[in-house]
Structures are given as structure tokens and as C-alpha cells.
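Me: Can you walk me through this one? I'd like to start with how accessibility is judged, then go on to the fold and the charged pairs.

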Amino acid sequence: MARYVLQLAFDGDPGRLAARPAHREHLRRLKDQGRLVTAGPWADDSGALHVYEVADEAELRDILREDPYTGYEIVLMKQWTPIL
């Protein structure tokens with residue numbers, strides 16, 4: 001398994017807020033499956049940070065395609081090796 005950090009920037013699309021409940025349910029399922037370590041928005045709601053535990057980048061991209069969220073740009077998607 002590999003750990004990936006995903007940083008998002010929100011682009012002002014009003015559809016994002018309408019999709020938020022379904023997006024959060026999607027994240028809860030991923031957390032229950034052990035594929036999401038943590039996720040949450042920046043305090044100013046300008047974007048978010050997610051940490052995933054997945055087999056590879058292809059699995060993460062599949063997860064993102066299944067997510068109902070809209071109105072964001074991927075700022076960073078990078079494999080991460082935490083030491084603590």
C-alpha cells in the first residue's frame with residue numbers, strides 16, 4: 001500500500017456546495033474501507049487536504065472519478081512516506 005497526499009483548491013463553482021453531502025458520504029465510505037486516512041477543508045474554505053492509503057496512483061484516480069464533488073483543481077497529488 002502507498003500513502004498519497006492530495007491538495008485541492010476550490011474554484012468557486014456553486015455546484016460544489018450542492019454536492020458536498022454526497023462527497024462527504026463518499027469520504028466516509030472510503031474511511032470505513034481503510035482507503036482514506038483523513039480529509040478536511042482549509043479553515044478559510046479555499047481548498048482541502050486529503051490523505052489516502054491505496055495500492056497506487058491509479059486506484060486514487062479511480063476514487064477521484066467516483067467522487068461526486070465538482071469545482072476544484074488538484075494542486076498536488078504526491079506519494080508520501082511519513083516517518084511518524
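Reply: Buried means under 20% relative accessible area, exposed means over 50%, and partly exposed is in between. Keep in mind that this is a predicted model.

Me: So where does E25 fall, buried or exposed or in between?

Reply: E25 has 35% relative accessibility, so it counts as partly exposed.

Me: Which residue does E25 meet in a salt bridge?

Reply: R28. The N to O distance is 3.2 Å. The two are 3 residues apart in helix α1, so about one helical turn separates them. R28 is partly exposed too, at 45%.

Me: How many salt bridges are there?

Reply: The count is 8. One of them joins R16 and D45, with the closest N and O atoms 3.2 Å apart. R16 sits in helix α1 and D45 in the loop between β2 and β3, so this pair ties together parts 29 residues apart in sequence.

Me: Are R16 and D45 buried or exposed?

Reply: R16 is buried, at 7% relative accessibility. D45 is partly exposed, at 31%.

Me: What else does D45 form a salt bridge with?

Reply: R20, at 3.5 Å between the closest N and O atoms. R20 is in helix α1, 25 residues from D45. Shared partners join R16, R20 and D45 into one network.

Me: Switching to the sheet. What is the strand order?

Reply: β2-β3-β1-β4, in an open sheet of 4 strands with antiparallel pairing. β2 (36-41) and β4 (72-80) are the edges. Each has a single partner strand, so one side of each lacks a neighbour in the sheet. The twist averages 15° from one strand to the next.

Me: How many bridges hold each pair?

Reply: β2 and β3 are joined by 5. β1 and β3 pair over 8. β1 and β4 also pair over 8.

Me: Which residues stand opposite H50?

Reply: A39 stands opposite H50 in β3, and so does L6. Over in β4, Q79 has Y4 opposite.

Me: Where does helix α1 pack?

Reply: On the sheet. Helix α1 (residues 15-33) touches β1, β2 and β3. Its direction makes about 160° with that of β2.

Me: Last one: E53 in strand β3. Buried or exposed?

Reply: Buried, because its relative accessibility is 18% and the cut-off is under 20%. The side chains of E53 and R3 share a polar contact of 2.8 Å. E53 also touches other residues, including M1, G34 and V37.

Definitions and conventions
Residues are numbered from 1 along each chain as its sequence is written. This is a predicted model: local features need pLDDT of at least 70, side-chain atom pairs count only at pLDDT 80 or more; totals for chains, interfaces and linings use all residues. Side-chain values use heavy atoms; hydrogens and water are left out. Two strands pair if DSSP finds at least two bridges between them. Axes are lines fitted to C-alpha atoms, for helices over the stretch in contact, and angles run from 0 to 180 degrees between N-to-C directions. Contact means heavy atoms within 4.5 Å. Buried means under 20% relative accessible area, exposed over 50%, partly exposed in between (1.4 Å probe, protein chains only). A polar contact is a pair of N or O atoms within 3.5 Å; within protein, one must be able to donate a hydrogen and the other to accept it, and residues adjacent in sequence count only if both atoms are side-chain atoms. A salt bridge is a side-chain nitrogen of Lys or Arg within 4 Å of a carboxyl oxygen of Asp or Glu. Lists of a residue's contacts leave out its neighbours within four places in sequence.
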